[in-house]
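Biologist: I am new to reading protein models, so please choose one part of this one and take me through it slowly, together with whatever surrounds it. Please explain each term when it comes up.

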Amino acid sequence: MIQPKLDYYTMGHGVTAFSTTRHGGFSTGNYAALNINRYCGDNEEDIRKNREALCETLGISDDRLVMPHQVHLTKVATIDEQLLSLNSTERQEALEGFDALMTNLRGVCIGVSTADCIPILLYDVEKQAVSAIHAGWRGTVGRIVEKAVEAMREAYGTQPQHLVAQIGPGIHMDSFEVGDEVYAAFGQAGFDMASISKRYAAAGGSSKWHIDLPECNRQQLVAAGLQEENIKVSPICTYQQADDYFSARRLGINSGRIFTGIILK
């Protein structure tokens, strides 16, 4: 039997947290093998079988696996019993346009899809609530991480000092070349450019800006009030390790997605 290969994170005894790899699924080609994202062009039957295998590994039913249709903005959706009661079509409509999820329901896996963008998981140890966040460069500039922390405070009474954070696999600075307009967007958003960017030599004797997306989001978590010792950052660069993790820059946009999820036990 095919067994999904997951990278698990240690965030506390109250949660299961993980990212999928490319291994242990049914998809083929640039979707091989473990892709559960329905918005990137993969075969629907392969996705169904991948979801089934993942849910079996996690010990949950398929209706307890929740992911949004992300659009690189900063909206946060609350996953509650009312949403879970919707049929699949209604649920898909309800989760359109969100790039972060949060819940305090037990036994529900919330997660986000990435393929170079940065996934972030939050666990409120005190209030027993969790969040999963998708932060591409646009979401990072829009400070989606800070907005998710604030949304948890409003919904669950979360205090940042009680949050544990895991920044998952994504593209790292060495590989994330950006245009001058993207560099400018980070500067205009108030980031400390000296600590998150660097010029690298490029073809023809020129140079290009590179941005450190994981560090941008780590700094946001600190700014939101998290303790630095409660923030962990994955060393995995998806672009450099595209054999094991999906990378849209390496494989093209028509390729699979990593799913980074968290479940309150």
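Modeller: What follows is a close look at one strand, and then at the parts of the chain around it. This is a predicted model, in which local features need pLDDT of at least 70 and side-chain atom pairs count only at pLDDT 80 or more, whereas totals for chains, interfaces and linings use all residues. Residues are numbered from 1 along each chain as its sequence is written, and side-chain values use heavy atoms, with hydrogens and water left out.

The part I have chosen is strand β14, residues 258–264; helices (H or I, at least four residues) and strands (E, at least two) are DSSP runs, numbered from the N terminus. Seven of the seven residues of β14 are buried, so the strand is largely enclosed by the rest of the structure. Here buried means under 20% relative accessible area, exposed means over 50%, and partly exposed lies in between, with a 1.4 Å probe and protein chains only. Ile258, Thr260, Ile262 and Leu264 point one way from β14, while Phe259, Gly261 and Ile263 point the other way, and all are buried.

Now consider the partners of this strand. Strands of a sheet pair through backbone hydrogen bonds, either parallel or antiparallel, and two strands are said to pair if DSSP finds at least two bridges between them. Strand β2, residues 15–20, pairs with β14 in the antiparallel sense over five bridges, and within this pairing Val15 stands opposite Leu264, while Ser19 stands opposite Thr260. Strand β6, residues 109–114, is also antiparallel to β14, with six bridges, and there Ile110 stands opposite Ile262.

These pairings belong to an open sheet of five strands, in the order β1-β2-β14-β6-β3, with mixed pairing. The edges are taken by β1 (6–9) and β3 (65–66), each with a single partner strand, so one side of each is left without a neighbour in the sheet.

A helix lies over this sheet: α1, residues 44–58, lies across β1, β2, β3, β6 and β14, and runs at about 35 degrees to β1. Such angles run from 0 to 180 degrees between N-to-C directions, with axes being lines fitted to C-alpha atoms, for helices over the stretch in contact. The expected span of a helix is 1.5 Å times one less than its number of residues; for the 15 residues of α1 this should be 21 Å, and the end C-alpha atoms are 21 Å apart, which agrees. Among the buried residues of α1 are Ile47, Ala53, Leu54 and Leu58, and what covers the buried residues of this helix includes β1, β2, β3, β6 and β14.

The first residue of our strand leads on to a proline elsewhere in the chain. Pro169 is found in the loop between β9 (163–167) and β10 (177–178), and is buried, with a relative accessible area of 0%. Leaving aside residues up to four places away in sequence, Pro169 touches Ile258, and also Tyr9, Ser19 and Thr114 among others, where contact means heavy atoms within 4.5 Å.

The last residue of the strand, Leu264, belongs to a nonpolar core, which is a set of buried Ala, Val, Leu, Ile, Met, Phe, Trp, Tyr and Cys residues joined through side-chain atoms within 4.5 Å. The largest such core has 37 residues, and its largest share, seven residues, comes from α5. Apart from it lies another core, of 23 residues, and this is where Leu264 is found, along with residues including Leu83, Phe98 and Leu105.

For context, there is also an open sheet of six strands, in the order β4-β5-β8-β7-β9-β13, again with mixed pairing. Its edges are β4 (76–78) and β13 (231–233), each with a single partner strand, so one side of each is left without a neighbour in the sheet. The twist of this sheet averages 15 degrees from one strand to the next. Helix α5 packs on this sheet, touching β4, β5, β7 (118–124), β8 and β9, and its direction makes about 160 degrees with that of β8. Helix α8, residues 213–223, lies across β7, β8, β9 and β13, and runs at about 25 degrees to β7.
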